[in-house]
Amino acid sequence: MNGAATPPVVYIAPVVTMDPQRPRAAALAVAAGRVVAVGSVDEVRATVPAGAPEHALDGVILPGLIDAHMHMQRGGLKALAYLQDGADADEYIEAMRRTFGEESWPGGEPTLEQRVAGLRRVQPLLHALGFTGVVDPAVTIEEMRGYQEAHRRGALTMRTVAMPYLEPGSAATPDIDAVIGHLEGTGVSTGFGDDVLRLGPIKIYVDGEGLRGEALLHEPWNETGYRGLQRMADDDLDRLVRFCAENGWGIGAHAVGGAAIATVTRRFSTAGAAVRERRFQLIHAYLEPRLIDLTEAARCGVVASLQPSIIWHNGRGLRERLGERAERANPVRSWIDAGAVVAFGSDGPFFAFDPRLLIWQAITRRVDGSQRPLSLDEAITVQEALAAYTIGAAYASLAEESRGMLRPGMLADWVLWSADPTTVATDELRALRVLRTEVGGRTVFSARKGGKPGVDVVGTN
Ligand SMILES: [Zn+2]
């Protein structure tokens with residue numbers, strides 16, 4: 001990383017800052033891993049010492065994307081298990097598509113070395129897609145060791161927020177009291193860590209999966225009257241919310257169906273200021289939520305952590321099960337209009353995680369295997385999708401002061417794209433290319449001219 005005495009470097013290219021106070025700029029200056037100036041070329045030059053190096057870049061600069069729901073360590077193990085040496089991001093995407101239902105690591109528990117090796121393997125592939133940060137949404141104790149060790153060795157180039165997952169009913173945590181005991185155990189809580197690795201809210205599961213017909217709904221799934229699976233008892237949820245609100249922990253609740261969303265919202269709304277401070281989240285939250293619950297969740301500060309990828313994969317199957325009821329699935333428009341902070345993620349590497357596909361899906365509402373989009377009443381704009389991947393996901397990462405936009409003082413996490421996503425035709429979004437990715441002012445990916453993308457430090461001009 002850059003030392004404190006590093007002189008500033010100026011980059012000249014159109015900048016989409018995502019900063020509402022100054023949405024567009026023509027240059028950016030970076031020193032010691034942070035943005036020190038954003039503005040017109042003259043404005044930026046005026047802030048740096050004479051003779052500071054300048055690089056004119058071909059492309060458009062945006063803040064680094066943050067995937068607010070990416071099982072990165074499992075993605076790393078899958079990359080080790082299923083990917084050839086030297087394979088690039090496109091081949092990784094294809095390998096993950098092909099091995100969708102297969103285990104992360106065939107053959108027992110991976111070693112710590114394998115976990116770190118997996119992270120080393122996968123991070124450049126994700127940087128090549130424009131990512132500079134992830135929220136890993138269900139981190140086991142072994143995975144936490146993997147992240148800590150990777151960080152200790154200086155091998156984490158992806159800013160990572162880890163959401164601890166202590167599975168109620170498992171040997172280590174047989175019931176909710178054991179979960180609470182573990183959380184209380186060491187005195188740390190949500191927010192502990194640094195800009196590279198930080199503890200997020202804990203993860204819990206309140207209902208099942210949508211496509212399995214296990215989402216907890218208000219109306220029955222079918223004529224049998226079945227409404228879905230509730231995976232956590234109401235009084236356990238009550239106690240866990242109370243404990244977390246009083247002890248510095250946030251909660252991210254897997255809640256797919258409207259009745260699960262209502263249950264969680266009712267409990268979260270009792271947690272007061274902790275909801276905002278610790279970034280309580282509704283995760284997935286995509287099937288038949290009631291407007292009254294969206295509005296209440298937004299009012300009390302709950303983050304809506306949504307994944308356009310899930311509806312891309314599940315849209316057709318949900319239509320077959322639910323008919324017209326599936327049309328408004330993944331109601332991103334409604335969440336935004338209700339006033340919620342929306343953070344985009346993918347649930348990769350299991351679901352599709354290419355942000356170009358996900359942004360396009362959120363705008364077009366297209367689903368895999370069908371020409372007919374879901375209801376466009378829930379479509380959003382490119383600008384809103386980018387905000388969910390930057391500002392919203394940074395907020396979900398407890399990092400809205402340092403990430404998600406390009407503004408003086410913020411971390412120099414930025415991506416050079418081949419064109420401006422906010423102005424290209426919708427059909428061209430999926431053809432955008434990442435040319436270069438920087439984390440804290442350090443080049444973590446660059447596309448070599450005329451060849452396959454690599455991770456060499458880009459040549460300066
Ligand atoms: Zn997930």
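In which helix does leucine 126 lie? I looked this up at the outset and found leucine 126 in helix 4, which comprises residues 112-127. I note that the model is predicted.

**Entry on leucine 126.** I next asked whether leucine 126 is buried or exposed. I counted 30 other C-beta atoms within 10 Å of leucine 126. The cut-off for a buried residue is 20 or more, so leucine 126 is classed as buried. Setting aside residues up to four places away in sequence, I recorded Phe131 and Met158 as residues that leucine 126 touches. I also checked proline 7, which is 119 residues from leucine 126 along the chain. The C-alpha atoms of the two are separated by 29 Å.

**Entry on the parallel sheet.** In what order do the four strands of the open sheet run? I read the order as 6-7-8-9, with parallel pairing. The edges are strand 6 (65-67) and strand 9 (197-199), each of which pairs on one side only. From one strand to the next I noted an average twist of 15°. I then examined the pairing of strand 6 with strand 7 (residues 131-139), which is parallel and extends over three bridges. Within this pairing, I found glycine 133 of strand 7 as the bridge partner of isoleucine 66.

**Entry on helix 5.** Which strands does helix 5 lie across? I traced helix 5 (residues 141-152) across strand 7, strand 8 (159-164) and strand 9. Relative to strand 8, helix 5 runs at about 155°.

**Entry on strands 1 to 3.** I turned to strand 2 (residues 24-31) and found that six of its eight residues are buried, so strand 2 is largely enclosed by the rest of the structure. Strand 1 (residues 9-16) pairs with strand 2 in the antiparallel sense over six bridges. Here I located valine 9 opposite valine 30 of strand 2. Strand 2 also pairs with strand 3 (residues 34-39), again in the antiparallel sense, over five bridges. For alanine 31, I recorded arginine 34 in strand 3 as the bridge partner. How many residues lie between the strands in the hairpin of strand 2 and strand 3? I found two residues there, and in this hairpin alanine 32 takes a positive phi near 50°.

**Entry on the annotation.** I consulted the UniProt record, an unreviewed entry, whose annotation "domain: Amidohydrolase" covers residues 111-445. For residues 111-445 I noted a content of 36% helix and 17% strand. The end C-alpha atoms of this span lie 27 Å apart.

Methods
Residues numbered from 1 in each chain as written. Predicted model: local features only at pLDDT ≥ 70, side-chain atom pairs only at ≥ 80, totals over all residues. Pairing = 2+ DSSP bridges. Axes fitted to C-alpha atoms, helices over the stretch in contact; angles between N-to-C directions. Contact = placed C-beta atoms within 7 Å. UniProt positions renumbered as here; feature names shortened; annotations may be inferred. Buried ≥ 20, exposed ≤ 12 C-beta atoms within 10 Å, placed from the backbone.
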